[in-house]
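Welcome, and please open your viewer before reading on. We will go from stop to stop, selecting a few things each time and looking at what is there.

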Amino acid sequence: MFHKTFSLFLSALPLSVFATENVDVISTETAEANVEKITIEGAATANNKPVGTFNSPISNLEYDPRVDLQSRNMAEAQADVTIRGGIFENTGFRVGSATLIDPQTGHYFAEIPIAPEMLTEPSISTGVDNALYGVNSSVGTVSHGWRPIQEAGSVSVGVGNNNFNLQRVHGAVNQHLKSYPAWSVGVEGEYSRSESDGTIANGDHQFERASGRVQLASERSQTDLFYGYQEKFFGWPNLYTPFDVNETEDIETRLVMLNHKQRYGEKGNESAFEVSTYYRENDDHYVFSRENPESFQAFHETQVKSLALSGTHNLSPDFGINYSAQITADDIESTTLENNFTSRDYYNISVVPEYRTQLNTKESITVRLGGAFDDTNRDEDRLSFVGDFNWFTQTGDNASRNLYLSYAEATQVAGYTAVGGSTTSGLFRSNNQLQREVSKNLELGASFDEQSWKVDTAVFYRWDNELTDWTYSFDSTSARSANPVDIETLGFELIAIKRFDNADVVASYTYLDKSEDYGIEGVDASFYALNYPPHRVTLGLLWFATDTVEVRIDNEWRKQETNALRNGSDSAFFSHVTLTYSPAQIEGLNLVLAVDNFWDERFEEIPGTPGRGEQYSATVTYFW
């Protein structure tokens with residue numbers, strides 16, 4: 001069990017941890033030595049489930065060394081996922097080949113009503129891979145693939161402080177076809193709900209999710225038809241505005257998705273493609289004051305339809321073409337936005353040829369060079385350049401080194417809340433002069449992979465032009481205004497994983513430095529673009545104490561950039577601890593005791609928005 005668990009954990013950060021496409025297995029075979037390198041995806045944190053609600057695709061990303069998650073209430077309520085000092089709208093969420101978007105605001109990008117058992121672990125793409133596979137996400141993309149269905153099931157019941165309670169059931173069956181034994185049909189479904197009074201006053205929540213899929217699979221193909229529904233109500237003081245008001249949100253999300261992936265070609269020179277199409281509807285009811293709901297409330301309904309294709313076509317063992325394309329159409333009905341901007345069509349196509357050459361039995365070089373084209377029916381188009389150089393060396397048995405240099409450009413357009421609302425009044429002031437955002441990233445990195453340890457490191461410099469930020473002025477009665485800003489970001493990342501006899505450790509350090517130019521006077525505070533940690537450290541421990549006891553600990557320390565809206569300290573230390581007991585007498589039974597924010601840290605992750613309190617829970621799960 002230890003070696004199987006560690007193999008997943010250790011491979012969480014593959015050779016291109018800072019820029020990697022999400023795949024199940026990557027296999028590269030040298031021409032002379034016939035040596036195969038296989039990377040199996042895993043988790044980048046010790047814990048894989050939250051404490052205060054049921055698991056979701058966004059759970060525990062706050063301790064992931066590759067991302068910075070800034071939550072309101074908790075991550076599963078409303079969270080902004082940022083990568084490398086970007087803002088929430090710079091990060092895309094990709095399932096299969098399709099990037100899921102919400103045209104109103106990036107705050108709802110992570111509303112994904114899919115049970116995590118159905119998805120692979122998150123893969124974080126930056127640089128060239130983000131430019132190649134991401135859509136309308138200028139800095140990074142969080143990618144998931146569809147897992148093959150395996151027969152399994154579980155039922156969970158949980159309780160905790162703050163009147164927390166949870167119920168969950170999940171099941172999956174898979175059957176090979178008698179007439180076609182190479183094919184199988186699977187069905188998977190789950191239902192989850194949770195509620196609590198919240199870790200602070202007026203921080204209550206009521207969540208519910210139901211999702212299911214049907215899968216047809218063979219050795220070289222997999223087709224998934226999915227439907228998911230999720231409803232979330234939650235409250236939080238100063239949820240979006242710094243006026244000491246108890247705000248609430250009620251969000252309903254529906255997602256229908258059809259996904260097909262296919263491998264073809266001869267073994268040793270195999271190609272693959274994946275096609276995805278989806279319909280997503282997101283309904284949001286925002287109330288400014290729960291005590292006086294008539295003072296201000298807003299209703300939004302967004303609908304998104306999309307078709308996407310991506311893959312790699314290998315013309316020879318030495319040359320292949322990576323490609324991606326997506327067409328998306330959206331529209332919005334809103335009580336707060338102007339009527340002249342309620343729909344938009346997006347077009348994206350990326351083509352990046354790849355050349356591979358074997359220098360000798362131990363060394364190889366891979367060069368990728370290509371471009372991406374982005375356009376909409378409302379914004380100017382943009383052609384972007386991408387390319388990288390990778391030098392891979394086998395340094396011993398099951399040991400390797402990879403050095404790379406990359407340059408990538410990516411673009412995006414602003415959401416409707418930023419560009420389509422009132423420019424002179426209201427709590428959220430739009431800016432109808434916002435232009436297409438352009439991000440340019442230059443990066444140098446290295447990866448060292450040994451039998452019992454792994455180190456990934458990178459230094460990058462990014463130019464963000466016309467980035468849409470939300471700012472605050474002490475002379476204005478408006479809570480926030482959308483303004484463009486030019487920002488240059490210098491970053492350094494170091495991630496290390498080490499295996500011991502009965503424990504796995506992952507540690508990371510990140511450094512960020514920014515220089516910004518808003519081009520206007522009167523910007524006293526930035527809610528997002530300048531809300532970043534110049535220094536951040538994470539430390540995760542997975543300890544197999546005995547055959548029946550497992551301990552998982554995630555820690556994060558950060559020193560945040562000073563912000564005029566933040567109350568309290570600019571530094572914080574968070575811990576998430578889980579103790580799992582699996583009695584040998586009852587196979588399949590787990591008792592989990594967990595605590596998040598162990599030190600009751602009240603750091604404001606969003607400036608002016610109160611931080612979360614501590615949450616304890618006890619959960620009993622039976623697996624079959």
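In which sense do strand 24 and strand 27 (residues 525–526) pair, and over how many bridges? They pair in the antiparallel sense, over two bridges. Keep in mind throughout that this is a predicted model.

**Stop 1: the whole chain**

Start with everything selected. The protein chain has three helices and 32 strands. Its C-alpha atoms fill a box of roughly 70 × 60 × 50 Å along the principal axes. The radius of gyration is 24 Å, which agrees with the value near 25 Å for a compact globule of 624 residues. Colour by burial if your viewer can: buried residues make up 57% of the 624 residues. Now show the surface, which comes to about 24800 Å² of accessible area, with 56% of it belonging to carbon and sulfur atoms. As for contacts with a separation of 6 or more, 64% are between residues 24 or more positions apart.

**Stop 2: strand 24 and its partners**

Next, select residues 453–472, which form strand 24. Because 14 of its 20 residues are buried, strand 24 is largely enclosed by the rest of the structure.

Add residues 437–449, and you have strand 23, which pairs with strand 24 in the antiparallel sense over twelve bridges. A hairpin of three residues joins strand 23 to strand 24. To see one of the bridges, pick L444 and look for V459, its bridge partner in strand 24.

Then add strand 25, residues 480–499: here the antiparallel pairing with strand 24 runs over 17 bridges. D469 has N483 in strand 25 as its bridge partner. Finally, return to the pairing from the opening question by selecting Y472, which stands opposite A525 in strand 27.

**Stop 3: two nonpolar cores**

In soluble globular proteins, nonpolar side chains tend to be buried together. Here, the largest nonpolar core has 32 residues, and V81, I114, W146 and Y278 have the most contacts inside it. The elements giving two or more residues to this core are strand 4 (78–82), strand 5 (91–95), strand 6 (98–100), strand 14 (246–264) and strand 16 (297–316). Another core, of 24 residues, lies apart from it, with Y416, W470, A482 and A525 among its members.

Zoom in on V81 and show what surrounds it. Not counting residues up to four places away in sequence, V81 touches I58, L61, V67, D68, L69, I87, F88, T91, F93 and V142.

**Stop 4: R552**

Select R552, which sits in strand 29 (residues 549–559). Is R552 buried or exposed? At 13% relative accessibility, R552 counts as buried. Follow its side chain to the backbone oxygen of A46, which it reaches at 2.4 Å. Now draw a distance from R552 to N48: they are 504 residues apart in sequence, yet 9.2 Å apart in space, C-alpha to C-alpha. Beyond its neighbours within four places in sequence, R552 is in contact with residues including N47, L541, H576 and T578.

**Stop 5: H205**

For the last selection, choose H205, in strand 12 (residues 205–217). Its relative accessible area is 1%, so H205 is buried. Which side chain does the side chain of H205 make a polar contact with? It is that of S194, at 2.8 Å. Leaving aside neighbours within four places in sequence, the contacts of H205 also include G52, M74, F164 and F233.

Terms used: Residues are numbered from 1 along each chain as its sequence is written. This is a predicted model: local features need pLDDT of at least 70, side-chain atom pairs count only at pLDDT 80 or more; totals for chains, interfaces and linings use all residues. Side-chain values use heavy atoms; hydrogens and water are left out. Buried means under 20% relative accessible area, exposed over 50%, partly exposed in between (1.4 Å probe, protein chains only). Helices (H or I, at least four residues) and strands (E, at least two) are DSSP runs, numbered from the N terminus. Two strands pair if DSSP finds at least two bridges between them. A nonpolar core is a set of buried Ala, Val, Leu, Ile, Met, Phe, Trp, Tyr and Cys residues joined through side-chain atoms within 4.5 Å. Contact means heavy atoms within 4.5 Å. A polar contact is a pair of N or O atoms within 3.5 Å; within protein, one must be able to donate a hydrogen and the other to accept it, and residues adjacent in sequence count only if both atoms are side-chain atoms. The radius of gyration is taken over C-alpha atoms; the globule rule is 2.2 Å times the number of residues to the power 0.38. Accessible areas come from the Shrake-Rupley method with a 1.4 Å probe; for residues, only the protein chains shown count as cover.
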